[in-house]
Amino acid sequence: MDIQGLGDKVVAQDRRALARAITLVESSRADHRETAAALIEEIRQKSPRQALRIGLSGTPGVGKSTFIESFGTFLTEQGLRVAVLAVDPSSARSGGSILGDKTRMERLSRNPNAFIRPSPSQTHLGGVARRTREAVALCEGAGFDVILIETVGVGQSETVVAEMSDLFILLLAPAGGDELQGVKRGIMEMADIILINKADGDLKATATRTCADYSGALRLLRKRPQDPEGFPKAMTVSALEEDGLSKAWEEMQALTDWRREAGHFAGRRAAQARFWFEEEVKQALLAQLQAPRARTAMDRLGQEVAQGAASPTAAAQQMLDALTKE
């Protein structure tokens, strides 16, 4: 593969080349991994610009796709180029994914200033695909101003997206909890802004009450050093009626500007880079267990454990000792 040529096309904002590049970085083949690493480095040197990365999470059915289409269209109308990286859940039985986000975002998918890429979560936990971070780097190199990262929507443990985004937005439905729900740890304490979606029609009053509940709950959480006064905060929006999007964007910009001036923005990016370095090392170590010799040893020790000839702890230590000697 012509890495330099593909990199030039990505930097020149060739959408087809960007799609090919993301397919490459998502491949698990060893030769493709080496090529992908070289491609990312090539693009990083040619286009070192940074986009605003916004992570979006929420329970299934809260209206994430509808919100992203309305919000993404709003941003393109402001003259911004928007990339959407949507992670679709993979089946635990077949391993397949529907990847139907473009169908839900029909209007945005036709927008020349928007790019939508659905990816399967596969076996990766935390609501994002393993290579989403690298896809973000490719989209930055392609000159996008805002990158929206939509998670699977699995629940309170879905916090990995916070390690690859500058802002973490949590979408909730009206009547989606009370003050006690709001102070639960996990995804709640990671959110920078909570948006109560579907604040329209008969649900508008309910959404307003839910927003008040969560606003009260957020005041009980321990203050984070990366937040100015008044953050994190809860707001109501209606993706269907496109109401509240402008105000939400203003709050996102205000928070981002404050963090840049206070030095938290660059510090957070540095911490995220270290986090993903350690994750790559962990994944590389786990990959060693898939080597033929390691698999044979694992099967043999697994049989001994199943037959009661060895305890799981002792067998695991024996396996680790064998790996260390290699």
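How many of the six residues of strand E5 are buried? Keep that in mind while going through the points below, and remember that this is a predicted model.

1. Start with strand E5, residues 167-172. Six of its six residues are buried, so the strand is largely enclosed by the rest of the structure. If you look at the two faces in turn, Leu167, Ile169 and Leu171 are buried on one side, while Phe168, Leu170 and Leu172 are buried on the other. Both faces of E5 are covered, in other words.

2. Next, look at what E5 pairs with. Strand E1, residues 52-58, runs parallel to E5, and the pairing has five bridges. To find the register, go to Ile54, which stands opposite Leu167 of E5. E5 also pairs with strand E6 (residues 193-196), again in the parallel sense, this time over four bridges. Here the handy marker is Ile169, with Ile193 of E6 opposite.

3. Ser238 is worth a stop. You'll find it in the loop between strand E7 (233-236) and helix H11 (245-262). Is Ser238 buried or exposed? Its relative accessibility is 0%, and because buried means under 20%, Ser238 counts as buried. A polar atom of the Ser238 side chain sits 3.1 Å from the backbone nitrogen of Glu241. Setting aside neighbours within four places in sequence, Ser238 is in contact with Asn197, Lys198, Ala199, Asp200 and Asp243.

4. Now over to helix H2 (residues 15-26), where Ala17 is found. Ala17 has a relative accessible area of 4%, so it is buried too. Which residues does Ala17 touch, not counting those up to four places away in sequence? They are Leu6, Lys9 and Val10. There is also a long-range relationship to check on screen: Ala17 and Ala142 are 125 residues apart in sequence, yet their C-alpha atoms are 9.6 Å apart in space.

5. Last, a look at the surface. Phe277, Val281 and Leu285 form a nonpolar patch there, and together they have about 300 Å² of accessible area. Val281 belongs to helix H12, which covers residues 264-287. Why does Val281 count as partly exposed? Its relative accessibility is 38%, and partly exposed is the class between under 20% (buried) and over 50% (exposed). That puts Val281 in a different class from Ser238, since Val281 is partly exposed and Ser238 is buried.

Conventions:
Residues are numbered from 1 along each chain as its sequence is written. This is a predicted model: local features need pLDDT of at least 70, side-chain atom pairs count only at pLDDT 80 or more; totals for chains, interfaces and linings use all residues. Side-chain values use heavy atoms; hydrogens and water are left out. Patches are made of residues with over 30% relative accessible area and no salt bridge: like charges are joined within 9 Å, nonpolar side chains (Val, Leu, Ile, Met, Phe, Trp, Tyr) within 5 Å. Accessible areas come from the Shrake-Rupley method with a 1.4 Å probe; for residues, only the protein chains shown count as cover. A salt bridge is a side-chain nitrogen of Lys or Arg within 4 Å of a carboxyl oxygen of Asp or Glu. Buried means under 20% relative accessible area, exposed over 50%, partly exposed in between (1.4 Å probe, protein chains only). A polar contact is a pair of N or O atoms within 3.5 Å; within protein, one must be able to donate a hydrogen and the other to accept it, and residues adjacent in sequence count only if both atoms are side-chain atoms. Contact means heavy atoms within 4.5 Å. Two strands pair if DSSP finds at least two bridges between them.
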